[in-house]
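User: I am in my first year and would like a close look at how helices pack against each other in this protein. Could you take me through one such contact with care, and then set it beside the other features of the chain?

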Amino acid sequence: MRDVYVIGIGMTSFGELWESSLRDLFVEAALAALDDAGTDRLESMYIGCMSSGLFVGQEHIGPMMADYLGRTPIPATRIESACASGGAAVRLAYLEVTSGVSEVVLAGGVEKMTDGADVTAALSSAADQEYEVYHGVTFPGLYALMARAHMQRYGTTSEQLAQVAVKNHYHGAMNPKAQYPFEITVKQVLESSMVADPLRLLDCSPVTDGAAAVVLASEDVARSVNGKPLVRVRASAQATSTIALHNRAEITHLDAVEKAARTAYQLAGMAPDKINVTEVHDCFTIAELCVMEALGYAEPGQAAALVEAGETRLGGKLPINTSGGLKSKGHPVGASGVAQIVELTEQLRGTAGDRQVSGAKFGLAQNMGGTGASCTVHILEGLS
Ligand code: COA
């Protein structure tokens, strides 16, 4: 196994992008990443995409994206792991380079969600059809169950959930590519319409079009291409849990996140307190708290206190979702895990502008599918 580096990053704006098709979005992000990498060399690509078939009626997007990127006949494979499709694509690209099979591989993610499909039904296909969806539950409903359980068990309040959204919008207001680049208040969250009690509109990530891409390469290539600060992948880990929430011993505990994180810390040879900047999968505000606890950033039930104390804000000890997270930046489901790597690379290169975490050296990205049934964790290191 050899070292792998992120040499190029690119992403589209996130939002309701009527003028761009699924392929337009992917090609825009991939060309930006290749341009940033400063090389034309590309031996293979993986495309994270949860549900292009249900959202826009298009399957078989591996060759389609290779074709429209002008890269046939290289291998191009679509990867599906629900909302963790992007993280899984990054991991497969990493494995292809670290194993020595290829020198330069692109990992992209794309989703086009606003073209008129029944989005809630399409997203629900990532839950357990027989035991969850047939009974009428949706993803906002499943995360609402987790939120209610967290409240009962640990005394977590709606105000504390709202503070997660407020913090992520504070960061997202500094991200020109975010879908909702504006600040919000706790009062606005608490007064927004109820979606699934106790989660309100502003506790939820939105429905989004967008794409992101990263180019991964071996050390020889990384040192010879663009002269940009080197960013090394220190760990790539993945884990699974039960697909249905009710089969977990404790529904507030994301065991796949804990497992993937433990593996990643072990591979990187470091404890969570070494991480300077983190992107987590905040599909709903409660998710960010449960993920923090599963990553070992807080004891069970203690994450909300860190958010309240401002520790997870830019300037705090543990900045989380400086990109704006899924909540403010947007959540084109197959692209989100790749966009996290884009943000961390900016941070570790020192090019994140107003969102820069001063002196950031280690970054962690956590991406998950469904209610955490699949999870990837990547740890990156800036070598500048
Ligand atoms: N944050 C901030 N503003 C939002 C928003 C969000 N998450 N979602 C919608 N808005 C805004 C819209 O821009 C719109 O504003 P406008 O009236 O000024 O144009 C308004 O709120 C209503 O938007 P609309 O799209 O009609 O809302 P909706 O009721 O159709 O959908 C949700 C809202 C929360 C149900 C939908 O975004 C959703 O399902 N989110 C979860 C997605 C999901 O499950 N992802 C997978 C996670 S596992």
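Analyst: In this predicted model, helix α6, which covers residues 139–154, packs against helix α11, residues 285–294, at an angle of about 65 degrees, and the axes of the two helices lie 9 Å apart. Two packed helices are described by exactly these two quantities, the angle between their axes and the distance between the axes. The direction of the crossing can be given as well, for α6 passes α11 in a left-handed crossing. If you look for the residues that make the contact, you will find Y143, M146, A147 and H150 on the side of α6, and these meet I286, A287, C290 and E293 on the side of α11. Sorted by class, the residues in this contact of α6 with α11 are six nonpolar, one polar and one charged.

A second pair of helices can be read in the same manner. Helix α4, made of residues 85–98, and helix α14, made of residues 336–349, cross at roughly 65 degrees, and their axes come within 5 Å. Here G86, G87 and V90 of α4 make the contact together with G337, V338 and I341 of α14. In the contact of α4 with α14, the residues divide into three nonpolar and three polar, with no charged residue.

It helps to place these helices in the chain as a whole. The domain assignment gives domain 1 as 4–118 together with 207–230, and domain 2 as 127–204 together with 232–383. Taken over C-alpha atoms, the centres of domain 1 and domain 2 are separated by 22 Å, and the contact between them takes 47 residues from domain 1 and 35 residues from domain 2.

Some details of the backbone also deserve attention. Most residues other than glycine have a negative phi, and most peptide bonds are trans. Against that background, a cis peptide bond joins T72 and P73, with omega about 15 degrees, and P73 lies in the loop between α3 (61–68) and β3 (76–79). Another cis peptide bond joins D197 and P198, where omega is about 10 degrees, and P198 is found in the loop between β5 (194–196) and β6 (199–200). H60, a residue other than glycine, has a positive phi, near 60 degrees, and its place is in the loop between α2 (52–56) and α3.

Finally, there are the aromatic rings. A search of the whole structure finds two aromatic pairs. In addition, R23 lies over the face of Y68, at 4.5 Å from the ring centre, while K361 lies over the face of F362, at 5.5 Å from the ring centre.

Terms used: Residues numbered from 1 in each chain as written. Predicted model: local features only at pLDDT ≥ 70, side-chain atom pairs only at ≥ 80, totals over all residues. Heavy atoms only, no water. Axes fitted to C-alpha atoms, helices over the stretch in contact; angles between N-to-C directions. Helix = DSSP H or I, 4+ residues; strand = E, 2+ residues; numbered from the N terminus. Left-handed = near helix turned anticlockwise from the far one by under 90°. Contact = heavy atoms within 4.5 Å. Nonpolar A, V, L, I, M, F, W, Y, C, P; charged D, E, K, R; others polar. Phe/Tyr/Trp six-rings, centres within 6.5 Å; stacked < 30°, edge-to-face > 60°. Lys NZ or Arg CZ within 6 Å of the ring centre and 35° of its normal. Domains from an automatic or database assignment.
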